[in-house]
Amino acid sequence: MGALIRASTPQQNMTSPKINGHQLELFAQDFFAALEPAAKSPPPPPQPLFKAPPVPPRPAIPTPPRSPDSPPLRRIQLGAHFLEFELRRSTRRSIGFMIDDNGLRVTAPRRITLAEIDTAIRAKQRWILNKLHERGERRATREERPPVRWTDGAQLPFLGGDITLRIEEAVRSHCVYDSEARTLRLGVVPGLSEWQLKERVKIWYQGEARRLFAERLDLYAEKLGVRYASMALSSAGTRWGSCTVGGNIRLNWRLVHFSLPLIDYVVAHELAHLLEMNHSPRFWAQVGSVYPDYDGARAALRQRSQELPVLFD
């Protein structure tokens with residue numbers, strides 16, 4: 001048999017290298033350092049349970065509307081605001097400020113310079129800006145409300161409550177109010193458009209206003225011991241009434257949307273101007289003599305005017 005041939009391998013060196021004390025100490029430090037827990041990172045800041053909604057931007061300050069032939073508006077900077085206003089010259093003795101949904105109107109004597117007018121505005125800028133922001137918010141609120149749908153069964157505001165509009169076909173157009181049923185029956189001829197229907201209802205509102213205002217003016221004029229020269233209806237945007245030195249009184253016909261006590265407040269307010277053509281303590285004393293809760297009525301009138309639905313453009 002042939003010889004078994006094995007490959008020769010060199011002899012392995014089984015001896016371990018020597019580790020001195022310094023190396024052992026370094027190894028122990030690394031070992032125990034690996035066992036230590038890692039440094040904790042700072043906890044995240046607590047999160048609110050409910051995220052607050054973003055603050056909505058404030059409505060823009062109203063600016064007086066202009067027509068092509070209107071004089072240009074005046075412009076003034078009040079803090080961070082650039083304010084445009086309408087300037088009117090008159091024979092009055094002092095500068096007057098009027099703020100409504102159409103912005104600021106300033107009435108000044110002809111002898112007052114523009115610089116003096118600007119100084120007067122800056123002196124009252126806090127009051128002016130607050131009132132303009134309030135007007136802007138009211139206008140934005142009204143614009144968000146949907147207009148009334150002019151269909152049978154629509155609810156219309158009248159004397160502090162709602163009345164129901166009943167539309168029925170008729171040979172001739174008519175408008176009849178039933179105070180017991182609180183319904184306004186409107187007879188429409190074929191082909192009557194919506195704007196004609198709205199105009200018919202507006203005419204009815206204005207007729208009721210003219211009748212009711214005359215009654216309340218006579219009542220409160222006797223209580224105050226005054227006589228007024230005339231009464232006319234107004235369609236102003238937000239001004240409820242006015243009174244001239246000559247005793248001519250104008251009342252906004254939209255007051256018929258409100259309750260009788262609010263109408264009486266405006267009536268007493270305007271008649272009191274026949275005794276005091278201002279808003280001094282003497283004026284409010286005259287109003288209070290026939291209408292004691294005038295502060296409550298003023299607040300209610302502001303609140304109710306914001307709640308009215310949009311009836312007419």
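How many disulfides does the structure hold? The structure holds zero, taking a disulfide as a pair of cysteine sulfur atoms within 2.5 Å. Before going on, I should say that this is a predicted model, in which local features need pLDDT of at least 70 and side-chain atom pairs count only at pLDDT 80 or more, while totals for chains, interfaces and linings use all residues. Residues are numbered from 1 along each chain as its sequence is written, and side-chain values use heavy atoms, with hydrogens and water left out.

To stay with the cysteines for a moment, Cys-175 counts as buried because its relative accessibility is 14%, where buried means under 20% relative accessible area, exposed means over 50%, and partly exposed lies in between, with a 1.4 Å probe and protein chains only. Cys-243 is buried as well, with a relative accessible area of 13%.

Let me turn to the sheets. Helices (H or I, at least four residues) and strands (E, at least two) are DSSP runs numbered from the N terminus, and two strands pair if DSSP finds at least two bridges between them. One open sheet is formed by four strands in the order E1-E2-E4-E3, with mixed pairing. Its edge strands are E1 (74–78) and E3 (96–100), each of which pairs on one side only, and the twist averages 35° from one strand to the next, with axes being lines fitted to C-alpha atoms, for helices over the stretch in contact, and angles running from 0 to 180 degrees between N-to-C directions. E1 and strand E2 (residues 81–90) run antiparallel and are joined by five bridges, and Arg-74 stands opposite Phe-85 in E2. Helix H2 (residues 114–123) lies across E1, E2, E3 and strand E4 (103–109), and runs at about 40° to E1.

Another open sheet of four strands has the order E5-E6-E8-E7, again with mixed pairing. Strand E5 (155–158) and strand E7 (174–178) stand at its edges with a single partner strand each, so one side of each is left without a neighbour in the sheet. On average, and with direction ignored, neighbouring strands of this sheet are turned by 30° against each other. E5 and strand E6 (residues 161–169) run antiparallel over four bridges, and they form a hairpin with two residues between them, where Leu-159 in the turn has a positive phi of about 50°. E6 and E8 pair in the parallel sense over six bridges, with Thr-183 in E8 as the bridge partner of Thr-164, whereas E7 and strand E8 (residues 183–188) pair in the antiparallel sense over five bridges.

Which residues touch the most other members of the largest nonpolar core? A nonpolar core is a set of buried Ala, Val, Leu, Ile, Met, Phe, Trp, Tyr and Cys residues joined through side-chain atoms within 4.5 Å. Of the 51 residues in the largest one, those touching the most other members are Trp-150, Leu-156, Val-201, Tyr-205, Leu-255 and Leu-271. Among the elements that give two or more residues to this core are E5, E6, E8 and helix H4 (194–224), and H4 provides the largest share, eleven residues. Leaving aside neighbours within four places in sequence, Tyr-205 has among its contacts (heavy atoms within 4.5 Å) Leu-156, Pro-157, Phe-158 and Trp-253. A second, separate core of 14 residues includes Phe-85, Leu-104, Leu-129 and Leu-132.
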